[in-house]
There are 2 protein chains.
Amino acid sequence: MVVLGIDPGSICTGYGLIRKDRDGFHVLDSGVIRMSRRKSHAERIGQVYRELETVIDACRPTCAVLETVFLSRNVQSALKLGQVRGAVIALCANRGLELTEYAPREVKAAVTGRGAASKEQVAGMVNRMLQVAENPETYDVTDALGLALCYILKSGNGSVPSQRTTGKRKSWAQFVESRPDMIVH
Amino acid sequence: MVVLGIDPGSICTGYGLIRKDRDGFHVLDSGVIRMSRRKSHAERIGQVYRELETVIDACRPTCAVLETVFLSRNVQSALKLGQVRGAVIALCANRGLELTEYAPREVKAAVTGRGAASKEQVAGMVNRMLQVAENPETYDVTDALGLALCYILKSGNGSVPSQRTTGKRKSWAQFVESRPDMIVH
C-alpha cells in the first residue's frame, strides 16, 4: 500500500508518499511544489500538475488523499485554491487514483488522538511516527504526510485503534502505549 | 488560426472551436460536457479534463480562451467552479496552449458592440456571425463560441474594429454595416 497525501495551496503544494508494510511506515518521497511568481497563473497550475505527475510516475501510489477545504476564507482565495485543487483532482482521476478527502480535524484526531491538536503537535507526531527529521518550516510536507498517514491508520493497516471507537479521551501515556510504531528510537 | 473557447461551470462546461481563414469563420466543433450527477466530485473533474482533451486532440487549436470569473457568488461556488477551471487550465498548459482570459463585458463588447448586451443578444450575434442555427438552450455553447470569436476579433483577424478605439457608441445600422461577416444569408 502506497498512499500519496497532497496539501494543495495557492502558493505552494506539499506532497508526501508513504508505503506501509510489515516493517512499518516508509516515506518514499516528500516535498513542496513552489509556484514561481514570475509565471502566469495558468503556467503555475500546469507546473503543479506536471511536477506531481512526475512524482506519481516515479512512486506509483495506490491511492491519493486530500484535505477538505476550510471555507472561511474569501471568494477570491477559494477560487485560486479551487483551481490548484482542480488540477490535482484531474491528475488523480487521469491516473486512476482513488481519491479520499479528510477534514483537518479527522487527520489531527487520527495522528495525534486529539482533533484540536496544533499544527506543531501534528508535525511532531508525523515526524516521530515516520522517523523523519523535524523541520518546522515544512508544515506543507507534514500536512501532506499526515493525510497519507491518516488514510493508512483509518484503513486498519496501521496499528492504531480508530478514534471513533474510543468513548473517553485517553491519557497521553495510554495513547503512546497503544502506538508501538510511534516509539522514538 | 483555430481558437478554442471554453466556458467552465460547476454543472456543465461549454466549448467551441472556431477556425478563421480568408473565407471567414468556421465552427469546427462545439458542445457541452455535462457532469454526471451520479459520479463523485473527483470523477466529474476528471471527466471534463478527458472529454476536453479528446476535443483538443481532434481539432488541434492554436490557443484557448476562458472567461474571467464573476466573483459575486459564494465561497462554496467559487471553490467548485475553481476546481473545474483548474482542470481546464492544467489541460491547456499540458497541451502547450496559450490561454487568454476575457471579462464577460469584453466579450459582449467585441461581439455585439455593447458591453451591457444581454445573453440572448450575444447568442443571437454569435449564431449570426458563425451562421449557426439558433438554439436558446445552448448558452453554454454560444458563450464558449463568443469567447473564441472575441479573441479572433481582438487579434485583428476578424473584420471588426476594436471597441476600444471607438470614441462614441455607434448606431446599430453603422455597427452592422461595419461587420460584413455578420450579414445573414
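Val84(A) lies in helix α2 of chain A, which spans residues 75-94, and in this predicted model the residue serves as a convenient starting point for a description of the structure. With 27 other C-beta atoms within 10 Å, Val84(A) is buried, since 20 or more such atoms are enough for a residue to be counted as buried. When residues up to four places away in sequence are left out, Val84(A) touches Pro8(A), Gly9(A), Ser10(A), Thr13(A), Ile45(A) and Val48(A), and also Gly86(B) of the other chain. Val84(A) and Cys12(A), although 72 residues apart in sequence, are 9.5 Å apart in space from C-alpha to C-alpha.

The helix that holds Val84(A), α2(A), consists of 20 residues and reaches 28 Å from its first C-alpha to its last, which is close to the 28 Å expected at 1.5 Å a residue. Of these 20 residues, 17 are buried, so α2(A) is largely enclosed by the rest of the structure. The helix is followed by Gly96(A), a residue whose phi is positive, near 65°.

Chain A as a whole contains six helices and five strands, and from the N terminus on its elements follow the order β-β-β-α-β-α-β-α-α-α-α. Of the 185 residues in chain A, 45% are buried. Where contacts in chain A between residues at least 6 apart in sequence are considered, 64% of them join residues at least 24 apart.

The relation between the two chains was examined by superposition. A turn of 180°, with a shift of 0.0 Å along the axis, lays chain B on chain A with an RMSD of 0.0 Å. The two copies are thus related as by a two-fold rotation axis. The same surface serves both copies, in that 96% of the contact residues of chain B recur in chain A.

To the contact between the chains, chain B contributes 26 residues and chain A contributes 25 residues. On the side of chain B that touches chain A, the elements giving two or more residues are α1 (41-59) and α2 (75-94) of chain B. Of these, α2(B) gives the most, with 17 residues. By residue type, this side of chain B divides into 16 nonpolar, six polar and four charged residues.

The strands of chain B may be described through β4(B), which covers residues 63-67 and is mostly covered, with four of its five residues buried. Strand β1 of chain B, made up of residues 2-7, pairs with β4(B) in the parallel sense over four bridges, and within this pairing Val65(B) of β4(B) is the bridge partner of Gly5(B). Strand β5 of chain B, residues 98-102, also runs parallel to β4(B) and is joined to that strand by five bridges. Here the bridge partner of Val65(B) is Thr100(B) in β5(B), and Val65(B) is thus bridged both to Gly5(B) and to Thr100(B).

Finally, the nonpolar interior was considered. The largest nonpolar core has 103 residues, and those with the most contacts inside it are Ala87 and Ala148 of each chain, namely Ala87(A), Ala148(A), Ala87(B) and Ala148(B). One of these residues, Ala148(A), touches Val3(A), Leu4(A), Gly5(A), Gly16(A), Leu17(A), Ile18(A) and Val65(A), again with residues up to four places away in sequence not counted.

Conventions:
Residues numbered from 1 in each chain as written. Chains lettered and ligands numbered in written order. Predicted model: local features only at pLDDT ≥ 70, side-chain atom pairs only at ≥ 80, totals over all residues. Core = buried A, V, L, I, M, F, W, Y, C linked by C-beta atoms within 7 Å. Buried ≥ 20, exposed ≤ 12 C-beta atoms within 10 Å, placed from the backbone. Contact = placed C-beta atoms within 7 Å. Least-squares fit on C-alpha atoms with pLDDT ≥ 70 in both. Nonpolar A, V, L, I, M, F, W, Y, C, P; charged D, E, K, R; others polar. Expected span 1.5 Å × (residues − 1). Pairing = 2+ DSSP bridges.
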